[in-house]
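I'm opening a fresh notebook page for this chain. The plan is to look things up one at a time and jot down what comes back.

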Amino acid sequence: MEENKDNLNMPENEDKKVTDTNKKVILVVDDEKPIRDILVYNLQKEGYETIEAEDGETAIKVALDRRVDLILLDIMLPKVDGLTVCQRLRHTLNVPILILSAKDEEIDKILGLELGADDYITKPFSVRELIARVKANLRKAEVSGQQKEQVAEEKQEEKAHNTISLGELTIDLDKFEVRVRGDVIDLTLREFEVLKYLANQPGQVVTREILLEKVWGYEYYGDIRTVDVTVRRIREKIEKDTSAPKILITKRGVGYYLASN
């Protein structure tokens with residue numbers, strides 16, 4: 001992590017902020033106290049309320065007992081590792097989970113995303129980048145929640161109006177459901193949003209940077225490998241042959257698009 005004076009010079013007599021029920025609550029899970037202190041200080045400076053946990057067992061209990069809007073989760077934790085924590089919480093909580101890890105291997109990122117993480121941030125990282133990703137994931141979660149509420153409140157319209165069909169791929173926008181060759185495909189919310197965005201402009205190549213901005217909500221140049229990993233996971237679920245995809249196509253050196261027929 002980049003350690004600069006802004007990050008480390010924490011006022012010794014800083015008054016504790018009064019709890020505000022309108023504040024977003026972020027659970028910071030890391031077994032290293034210096035890292036927790038830096039993250040908590042910078043998150044509170046941005047106006048967030050924070051809760052801390054130093055091991056996986058405590059993280060699970062706190063996340064289930066308290067109102068939490070986002071979780072920053074280290075992988076290497078005592079008692080229960082971060083990937084297991086992510087897997088357990090994803091079954092019951094619908095909040096963004098951002099994994100923090102010193103592991104930069106692609107297989108670790110794939111596993112983290114497969115287990116339900118919304119983002120994967122490799123150490124060392126700058127606090128500025130982490131805060132930007134926190135804001136982006138909170139915005140995305142808020143927008144997704146509003147969309148689901150709107151769908152639930154509105155009267156059911158004609159199915160064809162809320163369905164996108166492209167060859168063997170069918171996306172039901174009301175049910176947040178994807179079918180390929182008639183079979184329902186189990187996708188994460190992020191994977192669904194990627195397909196939905198591409199399906200709204202079939203045949204049109206979309207760059208990784210645009211996907212990061214429109215689907216992940218990043219307003220800066222982020223790690224495009226996050227897009228590549230997510231696309232790979234989608235292909236494993238929807239393509240007959242991932243080495244020769246027919247639905248989700250790569251335009252080499254540019255980006256991705258959905259076949260229009």
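What is the mean pLDDT of the chain, and what share of its residues reach 70 or more? I looked that up before anything else: the mean is 83, and 82% of the residues reach 70 or more. (pLDDT is the predictor's confidence in each residue, from 0 to 100.)

Ground rules for these notes: this is a predicted model, so local features need pLDDT of at least 70 and side-chain atom pairs count only at pLDDT 80 or more, while totals for chains, interfaces and linings use all residues. Residues are numbered from 1 along each chain as its sequence is written, and side-chain values use heavy atoms, with hydrogens and water left out.

**Entry: the whole chain**

I checked the start of the chain and found pLDDT under 50 over residues 1–19. The model has 26 contacts beyond four places in sequence for that stretch (contact means heavy atoms within 4.5 Å).

I then listed the secondary structure: nine helices and 12 strands. These are DSSP runs numbered from the N terminus, helices being H or I with at least four residues and strands E with at least two.

Of the 261 residues, 48% are buried. (Buried is under 20% relative accessible area, exposed is over 50%, and partly exposed is in between, with a 1.4 Å probe and protein chains only.) The accessible surface comes to about 14,200 Å², and carbon and sulfur atoms hold 47% of that. (Areas are from the Shrake-Rupley method with a 1.4 Å probe; for residues, only the protein chains shown count as cover.)

Among contacts with a separation of 6 or more, 60% link residues 24 or more positions apart.

**Entry: the four-stranded sheet**

Which order do the strands take here? I read β6-β7-β8-β9, an open sheet with antiparallel pairing. (Two strands pair if DSSP finds at least two bridges between them.) β6 and β9 (183–185) are at the edges with a single partner strand each, so one side of each has no neighbour in the sheet. The twist averages 25 degrees from one strand to the next. (Axes are lines fitted to C-alpha atoms, for helices over the stretch in contact, and angles run from 0 to 180 degrees between N-to-C directions.)

Going pair by pair, I counted four bridges from β6 to β7, with Thr-163 opposite Asp-172. Their hairpin has two residues between the strands, and Gly-167 has a positive phi near 60 degrees. β8 and β9 share three bridges, and Val-178 stands opposite Ile-185.

I also flagged two loop residues. Phe-176, in the loop between β7 and β8, has a positive phi of about 50 degrees without being a glycine. Its relative accessibility is 25%, so Phe-176 counts as partly exposed. Arg-181 sits in the loop between β8 and β9, with phi near 55 degrees, again positive in a residue other than glycine. At 36% relative accessibility, Arg-181 is partly exposed too.

Last note here: α7 lies across β6, β7 and β8, at about 105 degrees to β7.

**Entry: the three-stranded sheet**

This one is also open, in the order β10-β12-β11 with antiparallel pairing. β10 (206–207) and β11 (248–251) are the edge strands, each pairing on one side only. I found four bridges between β11 and β12, and Thr-250 has Tyr-256 as its bridge partner. α9 packs on the sheet, touching β11 and β12, and its direction makes about 140 degrees with that of β11.

The β11–β12 hairpin has three residues between the strands, and Gly-253 in the turn has a positive phi of about 80 degrees.

**Entry: cores**

Which residues touch the most other members of the largest nonpolar core? Val-178 and Leu-258 do, in a core of 28 residues. (A nonpolar core is a set of buried Ala, Val, Leu, Ile, Met, Phe, Trp, Tyr and Cys residues joined through side-chain atoms within 4.5 Å.) α7 gives the most to this core, with five residues.

I followed Leu-258 outward: its contacts include Leu-166, Leu-195, Pro-202 and Ile-247, leaving out residues up to four places away in sequence. There is also a second, separate core of 26 residues, with Val-29, Ala-63, Val-68 and Ile-71 among them.

**Entry: a cis peptide**

I looked at the bond between Lys-123 and Pro-124: it is cis, with omega about 0 degrees. Pro-124 is in the loop between β5 (119–122) and α6 (127–153).
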